[in-house]
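Student: Hi! Could you walk me through this structure, a piece at a time?

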Amino acid sequence: MSGLLFREVTLLDGRRVDVRVRGDRVVEVGPGLDGAGEDVVPGAGGTLVPGLVDHHLHLHAMAAAERSVACGPPAVDGPDALRRALAAARPGADGWVRGTGYVESVAWDLDAAGLDRLHAGRPVRLQHRSGALWTVNSAGAALLDLAAATHPGVERDAGGRPTGRLWRADDWLRDRLGADGPPALDAVGRRLTALGITAVTDATPDLSPASVAALAAARADGTLLPSVHLLGAPLDADLPAGLTAGPLKIVLADSGLPEFDPLVERIRAAHAAGRPVAVHVVSREALALLLAALDVAGGRAGDRIEHGALVPADVVADLARRGLRVVTQPGFLADRGDDYLRDVPAADHDDLYRAASLAAAGVPLALSSDAPYGPLDPWRVIAAAVDRRTRSGAVVAPAERLGAAAALAGYLAPPADPGGAPRSVAVGAGADLVLLTGTPDDVLDAPAAERVRLVAVAGRTAHAS
Ligand SMILES: [Zn+2]
């Protein structure tokens, strides 16, 4: 059986050791191990950590975003820049120009007519950076036959005419566009392993059978080496090999909070099927709705809050008492923190993307990217959890800064236990491993993707630089 022998690596606890890998397991850890025909990886004292787990991202949306034109800050910061970006964009095979990352600060609340003024010659679909909204221009609306559409997310004006805005209608849109299956994941797979990410949780809700099949195929043929945990697997799904089902994703969209009773029923159905829930909660209203629904439905170990963008101080202890986990994204502070500080009332700034106060109260806290909506690079997210600094240099809720070790630990818990105990490099552990340049202190002082030297997934080298 092939294997790897890491020579002279430093573990996070400071021990300088050799680490032997056989198959997909770590089988020996100690100083001065004898070689036994393995591939030897000289560690030079660098830090060996377990592979990182991104606890919330969207794989197919990441793949699609790579073939799209950026339509938001910092590249695009106003109507003229957006007009230029759309004009320069190459259309996809379907003839459409696909834009992502749009936010109202670029050109306000666009509808089809507004988008026509920026680009009318080709069909355009423009995704809001929240991921919740697509806006199409008139050429796009005609191709989609929006006037005849029945999807509830197709927004209409008082006269019943479609406005060009499509709320949470991704599956419908994909069907209408006639795309031949979800986009390929090869570039996404390479990016993940190059960053040291060896497991991901895909948080896309209500995955279609085609999406699940495409993810399974990408796992099977090695396109996607990291293990994949799904929040959007249907309750009755029999998942193919290579995929695992996590809690059931439920979206409490700020664009239209669900009715109370159906929400309670959905939570009950998930729990009855043995699945906790993973609930998208951004606003304080959504948080209050979720807690009220859990009061009726009851909680289940493993229930989690995705984002928790605004958690009032007096709710923190309640989350801990209920055993709810929070999966947060400090990378948003680095990318959009200035927008939050401008748009969120000052009295609420201390509630933005809490981290340290949750951890101190005993709420299990996991970090993640929400890519493509937030920055994927986990080292950047860890740095953002530590400094909480915006582009302009402001610091969002400084009391919520995490220590670097705690931030890294937010990426080290297993997919099925976000916020739980961090994995370690130890005999019997899975051989998902990342070798970094620098000692643990160096890594924690300056976390950076440039430190990633070698990544092993299930005992096999997946990336080396
Ligand atoms: Zn998400």
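Tutor: Happy to; we can talk through a sheet, a helix, the cores and a couple of single residues. This is a predicted model, where local features need pLDDT of at least 70, side-chain atom pairs count only at pLDDT 80 or more, and totals for chains, interfaces and linings use all residues. Residues are numbered from 1 along each chain as its sequence is written.

Student: Cool. In what order do the six strands of the open sheet come?

Tutor: The order is β7-β8-β9-β10-β12-β11, with mixed pairing. Strands here are DSSP runs of E with at least two residues, helices are runs of H or I with at least four, and both are numbered from the N terminus. Two strands pair if DSSP finds at least two bridges between them.

Student: Which strands stand at the edges?

Tutor: β7 (69-70) and β11 (154-156) do, and each has a single partner strand, so one side of each is left without a neighbour in the sheet. β7 is joined by two bridges to β8 (residues 97-102), and they run parallel. Across that pairing, A70 stands opposite T100 in β8.

Student: What about β6, how many of its residues are buried?

Tutor: Six of the six residues in β6 (residues 52-57) are buried, so this strand is largely enclosed by the rest of the structure. Buried means that 20 or more other C-beta atoms lie within 10 Å of the residue's own, exposed means 12 or fewer, and partly exposed is in between, with C-beta atoms placed from the backbone. β6 runs parallel to β13 (residues 197-202), joined by four bridges. There, V53 has A199 as its bridge partner.

Student: Switching to helices: which residues of α7 are buried?

Tutor: In α7 (residues 186-194), they are V188, G189, L192 and T193. Seen down the axis, they fall within an arc of 125° (taken from the directions from the helix axis to the C-beta atoms), so they line one face of the helix.

Student: And what covers them?

Tutor: The cover includes α1 (59-65), β13, α8 (209-220), β22 (452-457) and β23 (460-464). Just after the helix, G196 takes a positive phi of about 90°.

Student: How many residues does the largest nonpolar core have?

Tutor: It has 110 residues, and V19, I382, A385, L435 and A456 have the most contacts inside it. A nonpolar core is a set of buried Ala, Val, Leu, Ile, Met, Phe, Trp, Tyr and Cys residues joined through C-beta atoms within 7 Å. Helix α14 (residues 378-387) gives the most to this core, with seven residues. Apart from it lies another core, of 27 residues, among them C71, A85, L146 and L166.

Student: Where does A371 lie?

Tutor: A371 is in the loop between β20 (365-367) and α14. A371 is buried, with 26 other C-beta atoms within 10 Å. D54 is 317 residues away from A371 in sequence, yet their C-alpha atoms are 9.4 Å apart in space.

Student: Which residues is it in contact with?

Tutor: Leaving aside neighbours within four places in sequence, A371 is in contact with L57, H58, M62 and L376. Contact means that the two C-beta atoms, placed from the backbone, lie within 7 Å.

Student: Last one: is V457 buried or exposed?

Tutor: V457 counts as buried, with 25 C-beta neighbours inside 10 Å. V457 is part of strand β22. Setting aside neighbours within four places in sequence, its contacts include G51, T193 and L225.
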